[in-house]
Each structure stands twice: as C-alpha cells, then as structure tokens.
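Here is a short report on a two-chain model. Look first at its pockets, then at the place where the chains touch.

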Amino acid sequence: MPRINNRIRRLRFDHSEMTQEELAARAGCTRQTIIALEQGKYVPSVELAFRIARTFGVKLEEVFQYEE
Amino acid sequence: MSYRNFKLLRLLVVIILGVLVAWSSAMGNAWIPIPAVLVAVTILLLFRRRVKEITVDERTFSIAYKASRVAFVVFGVGAVALGTTLLALGKSGQPEFRLIGFTLCYAICALALVYSIAFSYYNRKFGGKA
C-alpha cells in the first residue's frame with residue numbers, strides 16, 4: 001500500500017529547534033495537524049505540503065517521500 | 001485573545017443561554033429564546049474574530065467530512081429501516097406509529113434530495129460533467 005513519509009520532526013530540530021506551534025503558524029495550519037503529520041496519521045494536501053517545504057526553505061521531496 | 005480564553009468565554013455564553021432558554025420555556029415565554037440566541041451568536045462571532053490562532057484547517061474539514069458521511073449513512077439506513085417498520089406497524093393496528101414512520105421517511109427523502117443537489121453543484125464546480 002502506498003505510503004507517504006515525512007521528515008518534519010527532523011527538519012524542525014535542524015531549524016533552530018522550531019516548535020510545532022511555530023511551524024503550524026508559519027505553515028498556516030493547527031498544531032494538531034503538525035502532530036498528526038509527524039506521527040504519520042495524516043497526509044497533507046499538496047498545498048499544505050508545499051507551504052511546509054517553503055517554511056523550511058527546502059524542496060518538497062526533502063520533506064515528504066512517497067514509498068510504494 | 002487566545003483560543004483558550006475564547007473557549008472559556010464560549011462555555012460561559014452557552015451556560016447563560018441555556019439557563020435563559022430553559023427559564024423562558026418553563027415560564028411559557030416565547031419572546032426571550034430567539035433574541036437570546038441572536039445576541040449569544042453575535043457575541044461569539046465578535047470575539048471569534050479576535051482569536052489570532054488558527055483553530056480550523058484542512059485536517060479539521062477532512063475529519064468533519066468523514067464524520068458527516070458516517071452520520072448520513074447511519075441515519076439514512078436507520079431512518080429507512082425504522083420508518084418503514086413503523087409504517088407497517090401502523091397499518092396493523094397502531095396508527096400512532098404511522099405519523100412517526102411518515103416523518104422519518106419524508107425526512108430521509110428530504111435529506112437525500114439536499115445531498116443530491118449539493119453533490120451536483122460541487123461536481124460541476126470541481127470540473128465534473130453537468
């Protein structure tokens with residue numbers, strides 16, 4: 001079954017230990033959504049995925065990985 | 001205003017509104033509930049605008065969508081089953097069940113009609129065929 005993984009938690013720590021709340025505010029979503037993303041319980045929309053990648057200043061593929 | 005403070009305010013407004021509506025119902029006063037509800041909604045909307053935190057996002061809508069679908073299916077199947085059962089019972093000697101059965105069946109028909117109209121609208125809006 002296809003699965004989308006992410007490195008959000010790693011990237012947060014690499015970016016001056018950004019908090020979930022800070023990331024949520026900058027990406028335009030709730031902290032609960034960030035928690036759900038990091039736990040792999042939620043797959044974001046393309047738009048939110050791009051906003052998160054842009055917050056970290058990296059490409060989309062560096063945040064989210066698609067595994068078959 | 002923080003979202004936490006807004007939730008406390010919302011709880012307070014709901015409690016006051018509940019007390020007002022219950023009291024006016026007990027007194028047989030029909031003039032208080034509607035203005036009270038309007039005032040309460042206005043207060044909550046005004047204070048909601050002052051909350052700067054993001055409290056609702058795409059995940060919230062996704063959850064609400066899934067919950068709505070489950071509620072629709074459960075209510076739909078349940079109402080049809082119960083309504084038709086009550087209609088059958090109403091024909092066999094318990095006429096009071098006919099009213100309840102008809103209400104349920106017409107309610108589910110109205111719900112299905114609204115769903116069809118909404119589905120057609122959004123299908124067209126998002127690029128589907130008319």
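The largest pocket is lined by Y65(B), S68(B), R69(B), F72(B), V73(B), Y115(B), A118(B), F119(B), Y122(B) and F126(B). A pocket is found on a 1 Å grid over the protein atoms alone: it is an open set of points where a 1.4 Å probe fits, with protein on both sides within 12 Å along at least five of seven lines, and lining residues have an atom within 4 Å of a point. This is a predicted model, so local features need pLDDT of at least 70 and side-chain atom pairs need pLDDT 80 or more, while totals for chains, interfaces and linings use all residues. Residues are numbered from 1 along each chain as its sequence is written, chains are lettered from A in the order in which they are written, and side-chain values use heavy atoms, without hydrogens and water.

**The pockets**

Two helices of chain B, α3 (58-91) and α4 (96-125), each give two or more residues to the lining of the largest pocket. Of the elements, α3(B) gives the most, with five residues. Helices here are DSSP runs (H or I, at least four residues), numbered from the N terminus.

The second largest pocket has 14 lining residues; the closest to its centre are E21(A), R31(A), Q32(A), E53(B) and I54(B). Its lining takes two or more residues from each of α2 (20-27) and α3 of chain A and α1 (3-27) of chain B.

| Pocket | Volume | Nonpolar | Polar | Charged |
|---|---|---|---|---|
| Largest pocket | about 510 Å³ | eight residues | one residue | one residue |
| Second largest pocket | about 350 Å³ | five residues | three residues | six residues |

A volume is the space filled by probe spheres set on the grid points, which are joined across faces, edges and corners. Ala, Val, Leu, Ile, Met, Phe, Trp, Tyr, Cys and Pro count as nonpolar, Asp, Glu, Lys and Arg as charged, and the others, Gly among them, as polar.

**Where the chains touch**

How many residues does each chain bring to the contact? Chain A brings 11 and chain B six, with contact meaning heavy atoms within 4.5 Å. Together the chains bury about 680 Å², 52% of it on carbon and sulfur atoms. Buried area is the accessible area (1.4 Å probe) that two parts lose on being put together, summed over both. In chain A, T30(A), T33(A) and Y42(A) lose the most area to chain B, together 56% of what that side buries. Helix α3 (residues 31-38) of chain A gives the most to that side, with three residues. By class, the side has six nonpolar, five polar and no charged residues.
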